[in-house]
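Q: I should like to learn how to read the features of a protein model, one at a time. Could each general idea be followed by the case at hand?

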Amino acid sequence: MGFFGLFSKEKQETLDKGLEKSKDSVLSKISRAIAGKTTVDDDVLDDLEEALITSDVGVETTLRIIERVQARVARDKYLNTSELNNILVDEVSSLLQENNAQEVPDFDAPLPAKPYVIMVVGVNGVGKTTTIGKLAHQFKQAGKKVYLGAADTFRAAAVNQLCIWGERVGVPVIKQEQGSDPASVAYDTLSSAKANDADVVLIDTAGRLHNKINLMNELTKIKNVMQKVVPDAPHDVMLVLDGSTGQNAFEQAKQFTKATQVSSLAITKLDGTAKGGVVIGISDQFKIPVKYIGLGEKMEDLQVFHKEQFVRSLLKLGD
């Protein structure tokens, strides 16, 4: 598929279907913003601002988008409201492109390290373990050898859930007793993965925001111990956020980025929500690339995030 991947018709349909609720919500708000107007004037921009904020794009990002649309209106002198969707797609896509210039490689692309270690963080209930299972499936389908590490040792349910995913996908899960040292599990996982020539290692961590200092210390310890086996691990610290929680997802992103060096985002549960704008806001505000989006229950419903395709789908525009 190559670095940028081929955005297949099937993937496009999954994206369109998954974003249906969000798209209907955003478009109805934009439609109300331009009702009865022929030109993009200050009133339209004010209404558009409100439409974006109530779609969970976030205030800061919304203001940036409005500024860009205003500049475009000033530059092109006359714009009618029928052009507004195309302008929005252009400006939101370029905004995201500027923040995170590189597209995320598809699952079959060569990985920059072997084993490539992804440490997954996020609060309980956001779909963290499910995301790990889906990632394992996608990497395995792409011909890569995958290992999972059950380093969320405080919840027996988390270890059991990861083991169920391991069985479903057909990949090994390294675990210890409940209450074991998470860093010890991570060490064992990387040791096994390295000995067995694995390509990808996914480490599940405890989903608690109980105390930033404790969380920071725990994640730092896991990183330090992993580096005894793989010197530059983890290669990616992925924060999983529940897209359906809107502004709460912003708060979680803020807390985790303070506690550890988050390098990518996976945003889940976008199929059941009218809050798809949260992907744009979080990506822009935290300057962290969104790598994956969850659009349904099936293992194939976790997609690589393609900025322009996402924005086009959200605003109901075809290619």
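The dialogue below treats the sheet, its strands, a helix, a buried tyrosine, the salt bridges and a surface patch.

A: One caution comes before the features: this is a predicted model.

Q: In what order do the eight strands of the sheet lie, and how are they paired?
A: Strand order is read across the sheet, from neighbour to neighbour, and not along the chain. Here the eight strands form an open sheet in the order β3-β2-β4-β1-β5-β6-β7-β8, with mixed pairing.

Q: Which strands stand at the edges?
A: An edge strand is recognised by its number of partners. In this sheet β3 (173-174) and β8 (302-304) have a single partner strand each, so one side of each is left without a neighbour in the sheet.

Q: How many bridges join β7 to β8, and do the strands run parallel or antiparallel?
A: For each pair of strands, one reads the direction and then the bridges. Strand β7 (residues 290-294) and β8 run antiparallel and are joined by three bridges. Within this pairing, G294 has L302 in β8 as its bridge partner.

Q: How is β1 paired with β4 and with β5?
A: A strand inside a sheet is read on both sides in turn. On one count, β1 and β4 run parallel and are joined by five bridges, with V117 opposite V201 in β4. On the other, four bridges pair β1 with β5, again in the parallel sense, and M119 has V237 in β5 as its bridge partner.

Q: Are the residues of β1 buried or exposed?
A: Burial is judged by relative accessible area, and residues under 20% count as buried. Six of the six residues of β1 are buried, so this strand is largely enclosed by the rest of the structure. The two faces can be listed separately: Y116, I118 and V120 lie on one side, V117, M119 and V121 on the other, and all are buried.

Q: Which helix lies across β1, and at what angle does it run?
A: The packing of a helix on a sheet is described by the strands it crosses and by an angle. Helix α9 (residues 212-226) lies across β1 (116-121), β4 (200-205) and β5 (236-242), and runs at about 170 degrees to β1.

Q: What can be said in the same way about β2?
A: The reading proceeds as before, from burial to faces to partners. Six of the six residues of β2 are buried, so β2 is largely enclosed by the rest of the structure. V146, L148 and A150 point one way, while Y147, G149 and A151 point the other way. Six bridges join β2 to β4 in a parallel arrangement, where A151 stands opposite T205. β2 also pairs with β3 in the parallel sense over two bridges, and there L148 stands opposite V173.

Q: Why does Y292 count as buried, and which residues does it touch?
A: A residue may be placed by its element, its accessibility and its contacts. Y292 lies in strand β7 and counts as buried because its relative accessibility is 5%. Leaving aside residues up to four places away in sequence, the contacts of Y292 include F107, L135, F139, M238 and L302. The C-alpha atoms of Y292 and H306 are 8.7 Å apart, although these positions lie 14 residues apart in the chain count.

Q: How many salt bridges are found, and which residue does K128 meet?
A: One begins with the total and then examines single pairs. The whole structure holds 16 salt bridges. In one of them, K128 meets D152 at 3.9 Å, N to O. This pair links distant parts of the chain, with K128 in helix α6 (residues 128-141) and D152 in the loop between β2 (146-151) and α7 (156-169). Both K128 and D152 are buried. D152 also forms a salt bridge with R155, at 3.9 Å between the closest N and O atoms; R155 is partly exposed, with a relative accessible area of 31%.

Q: How far apart in helix α10 are E251 and K254?
A: A salt bridge may also lie within one helix. E251 and K254 form such a pair, with the closest N and O atoms 3.7 Å apart. Because they are three residues apart in helix α10 (residues 247-259), about one helical turn separates them.

Q: Which residues form the nonpolar patch on the surface?
A: A patch is read by its members and their joint area. I53, V59 and L63 form this one, with about 220 Å² of accessible area together. V59 lies in helix α4 (residues 59-76) and is partly exposed, at 48% relative accessible area.

Technical notes: Residues numbered from 1 in each chain as written. Predicted model: local features only at pLDDT ≥ 70, side-chain atom pairs only at ≥ 80, totals over all residues. Heavy atoms only, no water. Salt bridge = Lys/Arg side-chain N within 4 Å of Asp/Glu carboxyl O. Buried < 20%, exposed > 50% of the residue type's maximum accessible area, 1.4 Å probe, protein only. Pairing = 2+ DSSP bridges. Contact = heavy atoms within 4.5 Å. Axes fitted to C-alpha atoms, helices over the stretch in contact; angles between N-to-C directions. Patch = residues over 30% accessible without salt bridge, like charges linked within 9 Å, V, L, I, M, F, W, Y side chains within 5 Å. Areas by Shrake-Rupley, 256 points an atom, 1.4 Å probe, with all protein chains shown as cover.
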